[in-house]
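I opened this notebook to record what I looked up in one structure. The entries follow the order in which I took up each topic.

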Amino acid sequence: MFTVNVVRQLFSGPFEHKELIKQGYQIGNKTLPLIAITGFIMGLVLSLQSRPVLVDFGAQSLLPGMIAVSIIREIGPVITALLCAGKISSGIGAELGAMKVTEQLDAMEVSGTKPLNFVVASRVLATTLLVPILVFFADAVGLLGSFVAVNMHESMSVRLFISQAFNSLSFSDVVPATVKSVFFGFFIGLIGAYKGYHTDKGTESVGISANSAVVTASLVIFIIDLIAVQVSDIIYGF
C-alpha cells in the first residue's frame, strides 16, 4: 500500500520541483566521490586479476572487451547500487525516522502538506533518476581504472583501448543494465523512505530504521539482479 501511494503521488500534483532538485543534488554530489574511487579500484583490480589468466592463453588482447562487458553488464550496476543502498537508503531512513520521532511528519499533515508528496515521493524520484547516472559514471571510471591497469604491463593507446572495449559491447549489454539500474534506484529510495516513515517512537528506533533500510535494500538489489538476468537470458538468449 505504501508503494502504491508513493507511485500515485509521483503522477499526481502538486509536484515538488525544488525539493526534487535539492534531494538530487545532495544524493548525487555526496555520493559521487565514493562512486568514483570505488569504480576506479574496481576496474583496476579486475584487470590486474584477469590479465594473468588471459596471458596464459595468449589472449591478453581480449582484456579490454572482457572488462567492459563485465563492468557494464553486471559489476558496475550492482556494486554502485550496493554503495547507494549503504549511503543513500540509510540516510533517507535516518532522516525520515528523525522527522517521525520529532513529529515533523504529523505536523505536515496537520498543516495540510502531504508528507508522502513532499518528503517521500521527491526522494524516491531523485534516487530513481540519480542511481542510473551514478552507474554510468562508475562504468566510465571503472574503464579508466582498467586502462591504467593495462598500461602497467604494456603500452596501449586510449583510442585502441576504447575501440577494443566498445567493439565487444552490444545493445543487449547496455539496455538490461540501464533498466535494472532504474529499478535499483527506485527501491533504494522506496525502502529507505518506508523504514523511516514507519519508525517507532524513540531515538533508538532511528538507528534501527537506518540499519534495516541498508539490509533490506541490499537484499532487494540482489533479488532484482537475479530477476533481470533471468529475463535478459530469455529475451536475448545470453
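**Salt bridges**

I looked first for charged side chains that meet, and I found that Glu74, Lys180 and Asp225 are linked in a network of salt bridges. I took a salt bridge to be a side-chain nitrogen of Lys or Arg within 4 Å of a carboxyl oxygen of Asp or Glu. By this rule I noted 5 salt bridges.

I must record that this is a predicted model, in which local features need pLDDT of at least 70 and side-chain atom pairs count only at pLDDT 80 or more, while totals for chains, interfaces and linings use all residues. Residues are numbered from 1 along each chain as its sequence is written, and side-chain values use heavy atoms, with hydrogens and water left out.

I stayed with Asp225 and located this residue in helix H8. Helices are DSSP runs of H or I with at least four residues, numbered from the N terminus. Is Asp225 buried or exposed? I entered Asp225 as buried, because its relative accessibility is 9%. The cut-offs are under 20% relative accessible area for buried and over 50% for exposed, with partly exposed in between (1.4 Å probe, protein chains only). I also looked up the C-alpha atoms of Asp225 and Phe184, which are 8.7 Å apart, although the two residues are separated by 41 residues along the chain.

**Three pairs across the chain**

I turned to Arg51 and Glu154, whose side chains form a salt bridge with an N to O distance of 3.6 Å. Arg51 belongs to helix H2 (residues 17-56) and Glu154 to the loop between helix H5 (115-150) and helix H6 (158-167), so this pair ties together parts 103 residues apart in sequence. I listed Arg51 as buried because its relative accessible area is 18%, and Glu154 as partly exposed because its relative accessibility is 28%.

I next recorded a salt bridge between Asp173 and Arg73, with the closest N and O atoms 2.4 Å apart. This pair links distant parts of the chain, since Asp173 is in helix H7 (residues 171-197) and Arg73 in helix H3 (residues 63-101), 100 residues apart. Asp173 is buried at a relative accessible area of 3%, whereas Arg73 is partly exposed at 31% relative accessibility.

I then found Arg123 and Glu95 meeting in a salt bridge at 2.8 Å, N to O. Arg123 lies in helix H5 and Glu95 in helix H3, so the pair ties together parts that are 28 residues apart in sequence. I noted Arg123 as buried, with a relative accessible area of 3%, and Glu95 as partly exposed, at 34% relative accessibility.

**A polar contact**

I found Ser146 in helix H5. Its relative accessibility is 0%, so I counted Ser146 as buried. The side chain of Ser146 makes a polar contact of 2.7 Å with the side chain of Ser47. A polar contact is a pair of N or O atoms within 3.5 Å; within protein, one must be able to donate a hydrogen and the other to accept it, and residues adjacent in sequence count only if both atoms are side-chain atoms.

**Aromatic rings**

How many aromatic pairs does the structure hold? I recorded 4 aromatic pairs. Rings of Phe, Tyr and Trp (its six-membered ring) pair if their centres lie within 6.5 Å; planes under 30 degrees apart count as stacked, over 60 as edge-to-face and the rest as tilted.

Phe2 and Tyr197 form a tilted pair, at 5.7 Å centre to centre and with 50 degrees between the planes. The pair links distant parts of the chain, Phe2 in helix H1 (residues 2-10) and Tyr197 in helix H7, 195 residues apart. I noted that both Phe2 and Tyr197 are buried. Phe186 and Phe187 have ring centres 5.2 Å apart and planes at 85 degrees, so I entered this pair as edge-to-face.

I also noted that Phe2, Tyr194 and Tyr197 form one aromatic cluster. Lys100 lies over the face of Tyr197, 5.6 Å from the ring centre; the rule asks for NZ of Lys or CZ of Arg within 6 Å of the ring centre and within 35 degrees of the ring normal.

Terms used
Helices (H or I, at least four residues) and strands (E, at least two) are DSSP runs, numbered from the N terminus.
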